[in-house]
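User: I'm new to this structure and would love a close look at one part of it. Could you walk me through that part and then show me what surrounds it?

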Amino acid sequence: MSIIIKGLSVSTGICIGKAILISKDDINYAPSFIKKSQVKIETKRFLKSLASIKEEYKKSKEKIKDNLPMAKLMDTQLFFIEDQDFQAHIIEMIENNLYTANWAIAIEYKSIKKSFDDIKDKYIKERLIDIKQMVISLLDLLHSDKKEDIYSKISLENKVVVTDEITPKDVIDIYQKQGSGVITSHGSKSSHTAILSKSLSLPMIVKAESSKEIIHNNDDIIMDLDNEIIIVNPDQFELEYFEGIQSHRYSLQKNLRKVLKKKSLTDDGIKINIMSNLELSDEVKFLNSDCDGIGLYRTEYLYMNRSDLPSEKEQMSVYTKVFKAMKNKPVTLRTLDIGSDKEVSENIKVGDIAKNPALGLRGIRYSLAEKNIFQTQIKAMLRAGYNNSLRILIPMITSLNEIIKTKELINNAKLELKKERKKFTNKYELGIMIEVPACALQADELAKHVDFMSIGTNDLIQYTLAIDRIDDEVSSLYDPTNPAVLSLIKKVIESCNKSSIDVTVCGEMAGEKSYTKLLLGLGLESFSMHPQAIPEVKDIILNSNINKIKKKVNAILKSNDRLLREKLISNL
Amino acid sequence: MITKDLQVLNKLGLHARAAAKLVFIANKFVSDITLVKDDKQADARSIMKILMLSASRDSIINITVEGNDEIQAMISIEKLFQNKFDEDL
């Protein structure tokens, strides 16, 4: 008999596949013993793996020695590896109990984990992750046959991954291994992980509580994203029904593709710019050539899945690839935006000390503190932009001062390129992300200093309403139509119009078809969204009459009742 | 043997980086250095054990130093605590 589990859908559609359970806590606690004569060899094996991890860390520390906060962080990691207590306990278990090094490490980790469970201080508690990473790398070294990554050694084709929690890196791994879908028992719809999987059209249902207990390996799974349910072991009737919907949707999508060929003019003849967001440079291949450019390329994924930093040359070749694929259309490259929930692998870690990373060293704040990383990126962008239509977008701007400092750094980068006699563009546009309310309120003034603005609705909503979109307890209060949010968006659009500069919405709202008319009504004429959303949003744009909509928008801005607002929005 | 109660004054408490600093100082000396908070005990050379003390801001830690250089060791540790682990500057 089939079982139904409820969850929250990240995108729409139907996904059918076989379940594969991935346990993040993949430390093997199965007992294993050695013979007394092997004690010395086993101890040596353990110490040798410790030594090689230490070597690895020292090497990566050497690579980033100019980045002081990072180097200091690596020091802390080294102290974990050198921990006398940890070593002594494991050697003791090998010698006295004849445990294998692997089992001894697993047991020691278990006891550490238990002690950490009692820790109340959230920040200290989180350091268990560092210890766990070290333990996993140790165990990996001890099983030389075992590879580093959970997702790299298994086939995921036609599989639905069921797991507790998922990182952006995992999403990329699953996508590259052609997994069908993802179900997580925790998480949130608007985390970057969710955005990433939406953009890659990887079906995902989050917060499907107890899914890990109910679903077994190889169970047949139907993910009905439209109704936010998961059907485990469906019967023949259910399976046929959903396969039917799947093929119906497929033909619908085919029809929508025809929409893409049409000019993006509203019913009353106003040209609307429809651009695409880009997460991974590889995605550009799948982009429909009919969009008006790239409105947001999130460069942070260049920095992920690796232990060193991408060089100027490497970045330049990636950006060049994107420009080439887009022909002469504008490409907006956003400078590195790390921090908050965007987990970047070992090469960069911010907010390590910060209790509240969303308010910490992220976006341009990080770039202004780590000038070398930023200048390398800017140089790569300016070089790739030669003879191309380059737009540089700066994330997390809060004040005019930051814009001025950023411009100084860009000028430095240009001077360096001149000295190095490299070809680069001088004809680029510089824009800022509007994510912080302070910035939206000053839009009139800031508009005089930049060439365009791009509204990042997710963060703008989060900062305006003081809602952490990852926190399950309050995520229901995350309300994109809150009058305060809408009036900030309206203000930014008006300020940009006054200064005759471009303004785009590139956050989730731009790709959410229920908000398309609302945004048009607020005066928006440029959208940037994940490519999969373009057909449906464009279809709505083509059938919108902006003059009519504008007359109805004021009532929405004035309404304090969320339900009423949503009703008014759907009637636009 | 010397023993003293020291208070954690920095905002974030005895977190990873602060603990790393303590381990770094402890490693400079030969004396045995033990930290006790409530019912938990930690060797000052074990960063994991120090973290497990879960010493947030304002908590009091009893420190015992025993060995040839115990006086200098205690002075250094006291200074580290007083300087809030060189944070909150």
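Which residue in strand 14 of chain A does A:Ile434 stand opposite?

Analyst: Happy to help! This is a predicted model, in which local features need pLDDT of at least 70 and side-chain atom pairs count only at pLDDT 80 or more, while totals for chains, interfaces and linings use all residues. Residues are numbered from 1 along each chain as its sequence is written, and chains are lettered from A and ligands numbered from 1 in the order in which they are written.

The residue opposite A:Ile434 is A:Ile455. Helices (H or I, at least four residues) and strands (E, at least two) are DSSP runs, numbered from the N terminus. Strand 14 of chain A covers residues 452-455, and strand 13 covers residues 429-434. These two run parallel, joined by four bridges; strands count as paired if DSSP finds at least two bridges between them. Strand 14 also pairs in the parallel sense with strand 15 (residues 502-505) of chain A, again over four bridges. There, A:Phe452 has A:Asp502 as its bridge partner.

Now look at the two faces of strand 14. A:Phe452 and A:Ser454 lie on one side, A:Met453 and A:Ile455 on the other, and all of them are buried. Buried means that 20 or more other C-beta atoms lie within 10 Å of the residue's own; 12 or fewer makes it exposed, and in between it is partly exposed, with C-beta atoms placed from the backbone.

A:Met453, A:Ile455 and A:Ile434 are also among the residues with the most contacts inside the largest nonpolar core, which has 86 residues. Such a core is a set of buried Ala, Val, Leu, Ile, Met, Phe, Trp, Tyr and Cys residues joined through C-beta atoms within 7 Å. A:Val492 belongs to that list too. Leaving out residues up to four places away in sequence, A:Val492 touches A:Ile434, A:Ala440, A:Ala443, A:Met453, A:Ile455 and A:Val503; contact means C-beta atoms, placed from the backbone, within 7 Å.

A second, separate core of 54 residues includes A:Ile81, A:Ile94, A:Phe116 and B:Ala19. That brings us to the other chain. The contact between the chains takes 20 residues from chain A and 17 residues from chain B. On the chain A side, helix 2 (68-81) is one of the helices supplying at least two residues, and helix 2 gives the most, with five. Chain B itself has three helices and four strands, in the order β-α-β-β-α-β-α from the N terminus on.

Methods:
Contact = placed C-beta atoms within 7 Å.
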